[in-house]
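I open this notebook to keep a record of what I look up in one model, entry by entry. The questions I bring concern the sheet, the cysteines, the pocket and a few backbone details.

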Amino acid sequence: MSTSRPTRCLITAGPTREFIDPVRFISNPSSGKMGYALAQAAHNRGWEVTLISGPVQIKEPEGPSCVHVISGQEMHDACHQHFQNCDVLIMTAAVTDMRSKMTFSQKQKKKDISWTLEFEQVVDILKSLSIRKKNQLMVGFAAETQNLEEYALRKLEEKDLDYIVANDVSEKGAGFESDHNHVHIYGKTKDAIQLGPSPKIKIAEGILDHIAKSVT
Ligand code: CTP
């Protein structure tokens, strides 16, 4: 690890929202707790942390510099702005993959709603960053409800990552809104490690201990 300057770490957290009209959006139940715990733990070990967060209800960690965004496109733009100055990217954000093709600047009245939405895909931020990477260590998260290992390893490869942290979001007491988590970390050598079930701050420390070996 470089001794001349602190490790610079870019972390994303929380959900993103895709608005249909000013009062309706598509999103997911991510609380941001895992990403915020990682930001705190990385700061505590002397890393320089930038946290890019979707809308959450929890307190900003003390120390990291925080950027707040709402949509996937905003998170994409903020990530690309900060990516070239980071050594490690940890993408915990639960980016909402779909947005309505039709959006409205005014609230739609019930009587005018068609009740059928056509979706388009939101940009894959991690993939778009992997294309630009130089020496950055890339860490993704995989939120799954089945076939954890198979799907996580597929994402590791398709998104060209160094590590993927996989969790089963349907597991009781782990995942989205919980204060605890239970994860498997897969790397390129496929020798997975398991952390938890434990409080998210302990999981965060375990993840950083594991990936720190690969930070140059
Ligand atoms: N991710 C991203 N941009 C997206 C969707 C996901 O950067 N549009 C990132 C997430 O932050 C996470 C990783 O990709 O680090 C995997 O996200 P996940 O939601 O588990 O998977 P998806 O890529 O969305 O694939 P699927 O919905 O098919 O499981």
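The entries below follow the order in which I looked things up.

**Entry 1: the sheet**

I note at the outset that this is a predicted model. I looked for the order of the strands, and I find 8 of them in an open sheet that runs β5-β4-β1-β6-β9-β10-β11-β12, with mixed pairing. The edges are formed by β5 (65-68) and β12 (193-199), each of which pairs on one side only. Taking the average and ignoring direction, I read a turn of 20° between neighbouring strands of this sheet.

**Entry 2: strand β6 and its partners**

Which strands pair with β6 in the parallel sense? On one hand I find β1 (residues 8-13), joined to β6 in the parallel sense over 4 bridges, and on the other β9, which also pairs with β6 in the parallel sense over 4 bridges. Going down to single residues, I see isoleucine 11 opposite isoleucine 90 of β6. Towards β9, valine 88 stands opposite leucine 137, while methionine 91 has glycine 140 as its bridge partner.

I then asked which residues of β6 (residues 88-91) are buried on each side. Val88 and Ile90 are buried on one side, and Leu89 and Met91 are buried on the other, so that I record both faces of the strand as covered.

**Entry 3: the cysteines**

How many disulfides does the structure hold? I count 0, and I went to the sulfur distances to see why, keeping in mind that a disulfide requires a pair of cysteine sulfur atoms within 2.5 Å. For cysteine 66, the closest cysteine sulfur is that of cysteine 9, and because the separation is 13 Å, the two are too far apart for a bond. For cysteine 86, the closest cysteine sulfur is again in cysteine 9, and at 7.4 Å this pair too is too far apart for a bond.

I also looked up how accessible these two residues are. Cysteine 66 is partly exposed, since its relative accessible area is 23%, whereas cysteine 86 counts as buried because its relative accessibility is 6%.

**Entry 4: the largest pocket**

I next looked up the largest pocket, for which the volume comes to about 740 Å³. Its lining is made of 33 residues, and those closest to the centre are Ala93, Ala94, Val95, Phe141 and Ala143. The elements that contribute two or more residues to this lining are α1 (33-44), α3 (125-132) and β9 (137-144). Sorted by character, the lining of the largest pocket has 15 nonpolar, 11 polar and 7 charged residues.

**Entry 5: backbone angles out of the ordinary**

Before reading the angles I reminded myself that most peptide bonds are trans, and that most residues other than glycine have a negative phi.

Where does the model have a cis peptide bond? I find one from glycine 196 to proline 197, with omega near 5°, and proline 197 is found in strand β12.

Turning to phi, I note that asparagine 147 has a value near 45°, which is positive in a residue other than glycine. Asparagine 147 sits in the loop between β9 and α4 (148-158), and with a relative accessible area of 38% it is classed as partly exposed.

Aspartate 160 also has a positive phi, of about 55°, although it is not a glycine. Its place is the loop between α4 and β10 (163-168), and its relative accessible area of 35% makes aspartate 160 partly exposed.

**Entry 6: two serines in loops**

Is serine 71 buried or exposed? Serine 71 lies in the loop between β5 and α2 (72-83), and I record it as buried because its relative accessibility is 15%, which is under the 20% cut-off. I also looked up the spacing of serine 71 and proline 15: they are 56 residues apart along the chain, and their C-alpha atoms are separated by 8.7 Å.

Serine 114 belongs to the loop between β7 (98-100) and β8 (119-121). Its relative accessible area is 58%, so I enter serine 114 as exposed, the cut-off for that class being over 50%. Along the chain serine 114 and asparagine 44 are 70 residues apart, and I read a C-alpha separation of 51 Å for them.

Key. Residues are numbered from 1 along each chain as its sequence is written. This is a predicted model: local features need pLDDT of at least 70, side-chain atom pairs count only at pLDDT 80 or more; totals for chains, interfaces and linings use all residues. Side-chain values use heavy atoms; hydrogens and water are left out. Buried means under 20% relative accessible area, exposed over 50%, partly exposed in between (1.4 Å probe, protein chains only). On a 1 Å grid over the protein atoms alone, a cavity is a set of points where a 1.4 Å probe fits but cannot get out, and a pocket is an open set with protein on both sides within 12 Å along at least five of seven lines; lining residues have an atom within 4 Å of a point. Grid points are joined across faces, edges and corners, and a volume is the space filled by probe spheres set on the points. Ala, Val, Leu, Ile, Met, Phe, Trp, Tyr, Cys and Pro count as nonpolar, Asp, Glu, Lys and Arg as charged, and the others, Gly among them, as polar. Two strands pair if DSSP finds at least two bridges between them. Axes are lines fitted to C-alpha atoms, for helices over the stretch in contact, and angles run from 0 to 180 degrees between N-to-C directions.
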